[in-house]
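Biologist: Before I use the labels on this model, I would like to hear the grounds for each of them.

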Amino acid sequence: SLERVSSEPPVWSGGEQAWELPQEVLECEDGLVFSTSSLQCEACPKGTAKEGDECVRYDARIGILTPLRWMVPESSMAPWFLRYASSATMAAHHINNRTASLVPEAADLLPENFKLVVDIRDTMGLPSVAVNQAVKWNEDGQHIIIGALLSAVTGPLASVAAIAQTPVVSFGSTASTL
């Protein structure tokens, strides 16, 4: 609720006059969170990521590029890429929750407030898609990029990532020029 500095409650954009924030004010567009200080929807600041309805600080940001939708829809590899993406998400979850049954030393190895954010994007097996994502990640301050599968995609991706000095580790590229 708002601090009452006036005897009259504020009038919200929908015409409602109330001390409590109307529900539609609290609902933000995708990628934005409601700021209680500015009373509007805002993007999360650098060094944080949207998690639920709030911005959470993170210490490591990993971008993963994989062909989730292969250029050939009937490709037998498509289920493998989905499993790969799910495994990366599950690994980050276990790291962030310090799952001792998987890594008993996890709680001792990582700082208490360490947060790993994994952002998985689809390349569709196309260099242009990977390059566009790398440009966006350069702006967001990605720490490392894992991918892409194909050398033809990884080459241009690595060139763009190098501008921000972001390392790229490919899980499938084999070209000697990389």
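The exchange below takes up the sheet, a hairpin, a pocket and some single residues.

Modeller: Note at the outset that this is a predicted model.

Biologist: What makes β7 and β8 paired strands?

Modeller: Two strands count as paired when at least two bridges are found between them. β7 (residues 144-146) and β8 have two bridges, in the parallel sense, so the pair meets that requirement. In one position, Ile146 has Val169 of β8 as its bridge partner.

Biologist: What is the strand order in the open sheet, and which strands stand at the edges?

Modeller: The order is β6-β5-β7-β8, with parallel pairing. β6 (116-122) and β8 (168-169) are at the edges because each has a single partner strand, which leaves one side of each without a neighbour in the sheet.

Biologist: Which helix lies across β5, β6 and β7?

Modeller: That is α4 (residues 127-140), which runs at about 175° to β5 (60-66). Angles are taken between N-to-C directions on a scale from 0 to 180 degrees, so a value of about 175° puts α4 and β5 in nearly opposite directions.

Biologist: How do you know that β3 and β4 are paired, and in which sense?

Modeller: They share four bridges in the antiparallel sense, and at least two are needed, so they count as a pair. Ala49 stands opposite Val56 in β4. The two strands form a hairpin with two residues between them, and Gly52 in the turn has a positive phi of about 70°.

Biologist: What lines the largest pocket?

Modeller: The lining has 28 residues, and Thr48, Ala49, Lys50, Arg61 and Val117 lie nearest the centre. Elements that give two or more residues are β3 (48-51), α2 (78-96), β6 and α4. β6 gives the most, with six residues. The space in this pocket comes to about 650 Å³. By class, the lining has 11 nonpolar, seven polar and 10 charged residues.

Biologist: Why is Ala148 called buried?

Modeller: Its relative accessible area is 1%, and buried means under 20%, so the label applies to Ala148. The residue is in the loop between β7 and α5 (151-163). Its contacts beyond four places in sequence include Leu65, Leu157 and Phe171.

Biologist: What sets the peptide bond from Gly147 to Ala148 apart?

Modeller: That bond is cis, with omega near 0°. Most peptide bonds are trans.

Biologist: Why does Thr123 count as buried?

Modeller: Thr123 has 1% relative accessibility, and the limit is 20%, so Thr123 falls under it. Thr123 is found in the loop between β6 and α4. Among the residues it touches are Leu65, Pro67, Val129 and Val153.

Biologist: Arg98 and Gln165 both have a positive phi of about 55°. Is Arg98 buried or exposed, and is Gln165 buried or exposed?

Modeller: Neither is a glycine, and most residues other than glycine have a negative phi. Arg98, in the loop between α2 and α3 (106-109), has a relative accessible area of 15%; this is under 20%, so Arg98 is buried. Gln165, in the loop between α5 and β8, is at 73% relative accessibility; this is over 50%, so Gln165 is exposed.

Note on methods: Residues numbered from 1 in each chain as written. Predicted model: local features only at pLDDT ≥ 70, side-chain atom pairs only at ≥ 80, totals over all residues. Heavy atoms only, no water. Contact = heavy atoms within 4.5 Å. 1 Å grid on protein atoms, 1.4 Å probe; cavity = no way out; pocket = protein on both sides within 12 Å on 5 of 7 lines; lining within 4 Å. Points joined across faces, edges and corners; volume = space filled by probe spheres on them. Nonpolar A, V, L, I, M, F, W, Y, C, P; charged D, E, K, R; others polar. Buried < 20%, exposed > 50% of the residue type's maximum accessible area, 1.4 Å probe, protein only.
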